[in-house]
Amino acid sequence: MGTTSTIRQIIDRYLRAYEERDFATCGAMFAEDAVFEDPVGGRRFDGIDQIRVFLHGAPPEITIKADLHKVVECGSDAMFHYEMEITGWRENPISIEVFETIAIDEAGKIKSLRAFWNEDSIVDR
């Protein structure tokens, strides 16, 4: 059985920290000059300070569960697909099908994270 790659470990750690609302850990995973888009074409956060504001802005009443389906790695970049279940954000629980691209710098920090989803990706549960 093979070992889990570094980039896969970073993706797993990020999703678990996000689920646990450990936004300090999430923020610490980004490079100082990182760019985060969520969703792409919508909100863009340039630099660690803007990213931390976004992360800590999550409403306290929501719960999140991410189910990772696939990771495709290419060097220090990857695309990953997961379903995020959210309760407390809208009237009914929802799931969002998300595709993200991630780029990791030489220090093992996230330098780019781009989330692809839109209203058509959201399903009431």
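The exercises below work through the strands, the nonpolar core, the largest pocket and two backbone details of one predicted model.

The model is predicted, so local features need pLDDT of at least 70 and side-chain atom pairs count only at pLDDT 80 or more, whereas totals for chains, interfaces and linings use all residues. Residues are numbered from 1 along each chain as its sequence is written, and side-chain values use heavy atoms, with hydrogens and water left out.

**Exercise 1. Strand β5 and its partners**

Task: Establish which strands pair with β5, and in which sense β5 and β4 run.

Solution. Begin with the terms: helices (H or I, at least four residues) and strands (E, at least two) are DSSP runs numbered from the N terminus, and two strands pair if DSSP finds at least two bridges between them. Strand β4 (residues 77-87) is joined to β5 by 10 bridges, and the two run antiparallel; along this pairing His81 stands opposite Phe99 and Tyr82 opposite Val98. Next, β5 is joined to β6 (residues 110-116) by 6 bridges, again antiparallel, with Arg114 as the bridge partner of Thr101. Then take β7 (residues 122-124), which is joined to β5 by 3 bridges and runs antiparallel to it, and in which Val123 faces Ser95 as its opposite residue. Finally, consider burial, where buried means under 20% relative accessible area, exposed over 50%, and partly exposed in between (1.4 Å probe, protein chains only): in β5 (residues 94-104), 8 of the 11 residues are buried.

**Exercise 2. Glycines in the hairpins**

Task: Find which glycine takes a positive phi in the hairpin of β4 and β5, and which one does so in the turn between β3 and β4.

Solution. The hairpin of β4 and β5 has 6 residues between its strands, and there Gly88 takes a positive phi near 90°. The hairpin of β3 and β4 has 2 residues between its strands, and Gly75 in the turn has a positive phi of about 65°; these two strands pair in the antiparallel sense over 11 bridges.

**Exercise 3. The largest nonpolar core**

Task: Determine which element supplies the largest share of the largest nonpolar core.

Solution. A nonpolar core is a set of buried Ala, Val, Leu, Ile, Met, Phe, Trp, Tyr and Cys residues joined through side-chain atoms within 4.5 Å. The largest core has 40 residues, and those touching the most other members include Tyr14, Tyr18 and Phe80. The largest share, 7 residues, comes from α1. For the surroundings of Tyr18, leave aside its neighbours within four places in sequence: Tyr18 is then in contact (heavy atoms within 4.5 Å) with Phe23, Cys26, Phe54, Leu55, Ile64 and Met84.

**Exercise 4. Two backbone details**

Task: Identify which residues a cis peptide bond joins, and state whether Arg21 is buried, partly exposed or exposed.

Solution. The cis peptide bond joins Asp38 and Pro39, with omega about -5°, and Pro39 is found in the loop between β1 and β2. Arg21, in the loop between α1 and α2, has a positive phi near 60° although this residue is not a glycine. Because its relative accessibility is 28%, Arg21 counts as partly exposed.
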